[in-house]
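Reader: I'm new to this, so could you walk me through the structure with a few questions?

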Amino acid sequence: MQVITKDNQRVWFDPDLLREEPLRCFDPAFWQQAGRVTGSAQGRGTTWFVEGQALPMALRHYRRGGLFGKLVKDAYWFTGWDNTRGAAEFRLLDKLAQGGVRVPRPVAARAVRSGLTYQADLLVEKVANAQDLVAILAEQALPESCWRAIGAMVRQMHDLQVCHTDLNSHNILLDDQQLVWLIDFDKCYEQQGEQWKEGNLSRLHRSFVKEQGKRGIRFDASCWQWLLAGYRND
């Protein structure tokens, strides 16, 4: 990882994955003018999908959610460059990728300071030809092997002592090779001990049950037992 500090901003980036100018690559207009925007998705804000020289990427600007987000949409208290949202997620994704967990590789992160607050952006690898589990399970059931693979990938993340604070069925992807990916590590963190891991799994189970009731996804007790078997390597 390399770091650039200029004026009121700092950028962290992987020079093997980012061939573009680091200080310009967080501006959607930069990609639009080059004709390299390949799509977008709406969430709290717009995620832009762009074609980098080294790999396809997803560009996201950090935005607040909830009621407070309606008042202060994208400003966060500044307590040090390395504590900024993008820098923290960059480091966590790098740790996971280096540890063998299938996550989007972090390409670059930026923080722009304004007095006591900052804004942040993140550029990561785009997972090609993938859908989240809710979209897939709304159309078809998955075989036991897939459920076991999901459990095994969650276990790999836990073995690295990473707590995914929003582990749910939307944040697990399957690509066209049936490979499992974990995404959306904003506000996630490393945590020692073992007790919290059961809570992480319980949150995931609740999300499947919720989507089964809401969208009728193909999920039942046997699916969950297969996932747990993969997690425990039974």
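**A helix and the core around it**

Author: Sure, and keep in mind that this model is predicted. Let's start with alanine 88, which is partly exposed, at a relative accessible area of 31%.

Reader: Why is alanine 88 called partly exposed and not buried?
Author: Buried would take a value under 20%, and exposed one over 50%. Alanine 88 falls in between, because its relative accessible area is 31%.

Reader: In which helix is alanine 88 found?
Author: Look at residues 85–98, a helix of 14 residues. Its span from first C-alpha to last is 20 Å, close to the 20 Å expected. Its buried residues include Ala87, Glu89, Leu92 and Leu96. The helix where you'll find alanine 88 is H3.

Reader: What is the phi of glycine 100, which follows H3?
Author: Go past the end of H3 and you get to glycine 100. Its phi has a positive sign, and the value is near 90°.

Reader: Which residues of H3 is phenylalanine 185 in contact with?
Author: Set aside the neighbours within four places in sequence, and the contacts of phenylalanine 185 include Val103, Met157, Val162 and His164. H3 covers residues 85–98. Contacts of phenylalanine 185 with numbers in that range are Glu89, Leu92, Leu93 and Leu96.

Reader: Which helix gives the largest share of the largest nonpolar core?
Author: That core has 49 residues, and Phe185 is among those with the most contacts inside it, along with Trp147, Met157 and Phe208. The largest share, 6 residues, comes from residues 144–159, which is helix H5.

Conventions:
Residues are numbered from 1 along each chain as its sequence is written. This is a predicted model: local features need pLDDT of at least 70, side-chain atom pairs count only at pLDDT 80 or more; totals for chains, interfaces and linings use all residues. Side-chain values use heavy atoms; hydrogens and water are left out. A nonpolar core is a set of buried Ala, Val, Leu, Ile, Met, Phe, Trp, Tyr and Cys residues joined through side-chain atoms within 4.5 Å. Buried means under 20% relative accessible area, exposed over 50%, partly exposed in between (1.4 Å probe, protein chains only). Helices (H or I, at least four residues) and strands (E, at least two) are DSSP runs, numbered from the N terminus. Contact means heavy atoms within 4.5 Å. The expected span of a helix is 1.5 Å times one less than its number of residues.
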